[in-house]
Amino acid sequence: MEMAIKDSNDTIIPSHVAQLESGTAKFLVTFNPTSVGMHTVNITFNKEVLKNSPFEVNIVEAKTTIETSTPEGKKKDAKKEKEEKKKEEKEKARREKEEKQMASSLKRSKAKDSKKKKQHTEKTTSVTKIPSLSRVGKRAQIFVAVAGDEMLDVAVLDPMKNSIDSEIMEHEPGVKRVEFTPTLVGDHEIDIKYGGVDVQGSPFTCRAYDPAKIIVANIPNGVVDKAVHFVVDASEAGVGNLEVAVNEGRIPSMAQSLGQHRYDISFVPREQVEHTISVRFNNEPVPGSPFVCRMISPKSITASGSGLERIPVGQVAEFYVTVEGDRGAIPKVHIIDSQGDELPVKVTQSEREPHKFLVHYTPKCVGNHQVEVTYDGEPITGSPFTSKAFDATCARLTRVDEAQVGRPCAFTIDAAHAGAGNMEIIVSVENRNVPNFVQAEGQAKFKVSFTPQEAKEHIISVRFNGQPIPGSPMSCPVAAKPSQPVSETADALPLRTSSKTAQQQIRLVGDLSTGEVGQVKGFSIDTAGRSADCNVLVTDPKGNRLDVQFEKVLNGYHIQFTPRIPGEHDVEIELDGRRLGVGPFVMNVSGEPKVSRLPSIVITGKKLNFELDTGRAGKGDVHVEVKDRNGRTIPVQTELDGRGIVQASCRLHDVGRHSVEVFVDGKQCGERQYVNAVDASLGAVLINEIERARIGESTRVTLHVQNGLGKHLAVAVTDPEGTQVPVSLQSVSKEVFEVEFIPKTEGDHELAVKIADEHINGSPFKVGVLDLSAVRVIGLKNDRVGVEQIFNGMSFFC
């Protein structure tokens, strides 16, 4: 704010400004007029003239009035009164005529006397012009009208109270020009002495600003009809006016104060064109202005490749990020492993295909890895991705039984520490596959059995996600059956016979009573080495036939199919056109276990509830494992109903990341999920200090809320009587919320801010409400020379 008070001769009158109340923007301005006539008070704010400025103050000479009184009690007759009245009227007219003539003469005389007075009255030294704002690095000028030839001394101190060099030079006769260059942002104190005596109004203040100190954060790419947010930091730039214009002001923009002279600027692009953003401070462009916001399509940037799927530990994983069009930026990739550590990532641009970027990283531990891909500060579609790291070397293969012809032989596979993946098991003899059957024993441990039919060495090969596990391939010698008879020929046992002996020679190996949706179901038919045509029909509950895969193996067939829906499935087996067994086998297929999605953030001390649909109508062993960030197990309560739904609950008392895993019959169900436990009292903070509110005017308070806690945020405002005040809560961005209410009564109000029904630190907050209708403004008034003028001024600074 700039203020200049001038007399009738346009000479600046020194003024004094004092703050009325500490911490407010109200000031008392005083000045001493030295001459009569109309004075003007000129006020500008951020170089804009204040409404109704200049204000006028008429300074007049002090007048002495003489009161006269006529004796009472005199009586006059009517005629004499009439004559006297006429005489008085004539006298009054004559006086008015003379007064007009005298006023005209006095006006001319005053003009001459004013000039003479100006020339002959003793001159005083005064500052005629001083800038209220000055640019750092540019010379500031002060003009001083001097009364004679005495020494003029000027001392300039910067905000750190260091002296700044100044130069005094002759501007015109009787006027000196003082120049100095501010180097720091802030208030500069200017002490001016003439003849060793302070000039009236000294010391003066000049505020220095610097547009180069304005920091504009990176402006992200935009999407049509979606708000673009960026931050402008003016905390170090000094006092002034900040202007932001998008496309030369054609696109509306909003500024939200974040406190400490930082602002969240937002606008909504409406066209798929580049938007220019002009940022000016005190009408000067800040460095880098105008800025550019590029428009992108939400689906124009994609990521794909094996590095986003199953990845082996200790080996380089890679995937591609494809950017449609030349956008001139490099994708940023952050990868967090299952232990919460960030992995080194290398991003290189393809020479042959410049729109593709190759990403390399090496997983160090088993488990889910979170892959976050951003472009120009915005996450791409699908980010964050989840890649599953496995380690085949952590699996173990162990033979249990001695193998003998005709007797089942078993071996075990322990993949508990190998991660998620597919196990491929092959038992062969002389490059011919032998049927094998897998039984889950829990905790990713499996028992595999096969029945050798030849006294020859069998080879057991186990691969995990395509990689051999330690001990594979494993040799399994097969001993001959004691006193084994010579096998019969095919002609000796025709398949079409209904004899009991023939039926005993054909065996069904495997369990056909149960199955699971989405899981491959397999069994074998042992034909005792005889050649026979095999046909298997599998029908689901809706009457649809499933695809069945046949594999000719030694002494029979191996059958596989995959159920798609739960319910009873009919399995019919025919050999050479003859049905095997009494009728179709009935297999009960259960639904695939489904774990409800867990929230990303939970409140400490609150119960975490989720459910698991086993799809097994109460069957199956269910185990839920919850661990804190230190690996300690959290107690979990589970309850299984008769429909196969498991209700699980636990309380997380420690802040930090927790892992949740579900096992059904020892097999991990779904992916490992993570939840972050936070303290509700620290879940939100005020961005800026709460200012005094006014009755009938909208009051806004801005909150910063941890990402994911917005749905748990609740606010309430009560007046001094304890009555609830209507309040609105709006989301400005993912982590910024705005509270708005209109107070109706004067006094202290309470603003309660809660996360999950718990007050945040400092809540409830006090909001003082003022009634401005009770305030009276006393304006300027006419008065005589030598009487001090007093009026109130209000000022607001950026």
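Cys394 is partly exposed, with a relative accessible area of 27%; here buried means under 20% relative accessible area, exposed over 50%, and partly exposed in between, for a 1.4 Å probe and protein chains only. The model is a predicted one, in which local features need pLDDT of at least 70 and side-chain atom pairs count only at pLDDT 80 or more, whereas totals for chains, interfaces and linings use all residues. Residues are numbered from 1 along each chain as its sequence is written, and side-chain values use heavy atoms, with hydrogens and water left out.

A second cysteine, Cys409, is buried, with a relative accessible area of 1%. The closest cysteine sulfur to that of Cys409 belongs to Cys476 and is 4.2 Å away, too far for a bond. A disulfide is defined as a pair of cysteine sulfur atoms within 2.5 Å, and the structure holds zero of them.

The aromatic rings come next. A search of the whole structure finds four aromatic pairs. Rings of Phe, Tyr and Trp (its six-membered ring) count as a pair if their centres lie within 6.5 Å; planes under 30 degrees apart are called stacked, those over 60 edge-to-face, and the rest tilted. One of the pairs is formed by Phe390 and Phe464, which meet edge-to-face at 5.8 Å centre to centre, with 80° between the planes. Phe390 belongs to strand β35 (residues 385-390) and Phe464 to strand β43 (residues 458-464), so this pair ties together parts that are 74 residues apart in sequence. Helices (H or I, at least four residues) and strands (E, at least two) are DSSP runs, numbered from the N terminus. Phe390 and Phe464 are both buried.

Another pair, Phe411 with Phe450, is tilted, with 6.5 Å centre to centre and 55° between the planes. Because Phe411 lies in strand β38 (residues 409-414) and Phe450 in strand β42 (residues 445-450), the contact ties together parts that are 39 residues apart in sequence. Phe411 and Phe450 are buried.

Rings also meet charged groups. A charge sits over a ring if NZ of Lys or CZ of Arg is within 6 Å of the ring centre and within 35 degrees of the ring normal. Lys356 lies over the face of Tyr320, 5.1 Å from the ring centre, and the charged end of Arg657 is placed over the ring of Tyr674, 3.8 Å from its centre.

Strands of a sheet pair through backbone hydrogen bonds, either parallel or antiparallel. Two strands are said to pair if DSSP finds at least two bridges between them. One open sheet has four strands in the order β8-β10-β14-β13, with antiparallel pairing. At its edges stand β8 and β13 (166-172), each with a single partner strand, so one side of each is left without a neighbour in the sheet. On average, neighbouring strands of this sheet are turned by 35° against each other, direction ignored; axes are lines fitted to C-alpha atoms, for helices over the stretch in contact, and angles run from 0 to 180 degrees between N-to-C directions.

Within this sheet, strand β10 (residues 140-145) has five of its six residues buried, so it is largely enclosed by the rest of the structure. Strand β8 (residues 126-129) runs antiparallel to β10 and is joined to it by three bridges. Val127 stands opposite Val144 in β10, and Ser126 has Ala145 of β10 as its bridge partner. β10 also pairs with strand β14 (residues 175-180), in the antiparallel sense, over six bridges; there, Phe143 has Arg177 in β14 as its bridge partner.
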